Amino acid sequence: MNASEPVKPLIEVLQGNVRPVPPVWLMRQAGRYLPEYRALRKRAGGFLELCFRPELASEATLQPVRRFGFDAAILFSDILVVAHALGQRVEFEEGEGPRLEPVSTLAEIERLQAEVDQDVLLPVYETIRLVKSVLPPDVALIGFCGAPWTVATYMVAGRGVEGQVPARRFALEDPQSFGKLIDRLVKSSIEYLVRQFRAGVDAVQIFDTWAGVLAADEFQRWCIDPTNSICRGVRARCPNARIIGFPRGVGTALPRYVEQVPVDAVSLDWTIDREFARAQIPARVAIQGNLDPVALLAGGPMLDQKVDRVLKGFAGRPFIFNLGHGILPDTPIEHVERMLQCIRGSGRT
């Protein structure tokens, strides 16, 4: 880093440094709990329209940083834009989540494009450039993609379903064909993240929201190996790329993920025992997490206690404060403010 460049606390932690006050951002920090976001969403007319209009997506990215002074902004987009750019029809129904035209046979996989249509994703890169032009210099910008397994679960089922049974069944019954879908997503994700870095993001997070439904051998094949390939593929072209992994719900398989996937930080969901995580994750890997989003929703003195336990649990090592998953839409703004006060204390705004 150039001596004249401002320090970005989040990047310092990803480089292995301990901060006296940990940097903080929240998954889904741009979302429906903010009245300014709800107004923006109404103006856009639809979720994908909001993702692909850079002037609106950049505003959504910046809103929570303006309001709360988070240490990072996360690009406003969705993990399924990669499926969309591969030629799969993707829609978002209000209150229902994503709806896709299912891809559940080899023939349907082969009808997808061999690689993502970068023209479709150009608005995402333009959003990054717009955000970087106005983001405070000490605030990091985080890009992201979905891990191949998690994106594939939606592509196969056409939506999110309990336990993601359709994708698990496909992977068991026809692993060769399912592997072709995963390989296509690995290649697409590498290109997508490289272009995000070149557009200006400081770090990226790979979301594997459904990693926890996989059996041990399948976890290796469909989570660890593809994510490892993405990290190595991105760093072959962007050697200093900072990468956060989020294998949600993997429990005691977490050490295997950290050992085999070369991430700079691992994000923990709220079910992980902090003593276990601290003992099993090497000090070279930063930890991010892991406040229960429901605790933030509930608020009150209990929230103070929960925040304090997270801070104490990971004190003295590289640590980024975050939730164990996305902020819930009904979360009161004053609870977020209270959480930040607990983290930062009265001496920091």
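**Exercise 1. Strand β4 and its neighbours**

Determine how many of the residues of strand β4 (residues 140-146) are buried, and find which strands pair with β4.

*Solution.* In this predicted model, strand β4 is mostly covered, with seven of its seven residues buried. The next step is to sort these residues by face, for which a general rule is useful: in a regular strand the side chains alternate between the two faces of the sheet. One side of β4 carries Ala 140, Ile 142, Phe 144 and Gly 146, the other side carries Leu 141, Gly 143 and Cys 145, and both faces are covered. Turning to the pairing, strand β1 (residues 72-74) runs parallel to β4 over three bridges, and strand β5 (residues 203-208) also pairs with β4 in the parallel sense, over five bridges. Ile 142 can then be followed in both directions, since Ile 142 is the bridge partner in β4 of Ile 74, while the bridge partner of Ile 142 in β5 is Ala 203.

**Exercise 2. The surroundings of Thr 227**

Decide whether Thr 227 is buried or exposed, and identify the backbone oxygen that its side chain reaches.

*Solution.* Begin with the location: Thr 227 belongs to helix α11, which spans residues 216-237. Its relative accessibility is 1%, and because buried means under 20%, Thr 227 counts as buried. Within the chain, the side chain of Thr 227 reaches the backbone oxygen of Cys 223 at a distance of 2.7 Å. Finally, leaving aside residues up to four places away in sequence, Thr 227 touches Ala 147, Ile 206, Asp 208, Tyr 257 and Val 261.

**Exercise 3. Aromatic pairs**

Describe the geometry of the pair formed by Phe 47 and Phe 76, and then classify the pair formed by Phe 319 and Phe 321.

*Solution.* A pair of aromatic rings is described by the distance of the centres and the angle of the planes. The structure holds 13 aromatic pairs. One of them joins Phe 47 and Phe 76 edge-to-face, at 5.7 Å centre to centre and with 65 degrees between the planes. This pair links distant parts of the chain, as Phe 47 lies in helix α3 (residues 47-51) and Phe 76 in the loop between β1 and α5 (81-85), 29 residues apart. Both Phe 47 and Phe 76 are buried. For Phe 319 and Phe 321, the ring centres are 6.2 Å apart and the planes stand at 75 degrees, so this pair is likewise edge-to-face. Phe 319 is buried with a relative accessible area of 5%, and Phe 321 is buried with 0%. As a last step, ring pairs link Tyr 37, Phe 47, Phe 76 and Phe 92 into a cluster.

Note on methods
Residues numbered from 1 in each chain as written. Predicted model: local features only at pLDDT ≥ 70, side-chain atom pairs only at ≥ 80, totals over all residues. Heavy atoms only, no water. Helix = DSSP H or I, 4+ residues; strand = E, 2+ residues; numbered from the N terminus. Buried < 20%, exposed > 50% of the residue type's maximum accessible area, 1.4 Å probe, protein only. Polar contact = N/O pair within 3.5 Å; in protein donor to acceptor, adjacent residues only side chain to side chain. Contact = heavy atoms within 4.5 Å. Pairing = 2+ DSSP bridges. Phe/Tyr/Trp six-rings, centres within 6.5 Å; stacked < 30°, edge-to-face > 60°.
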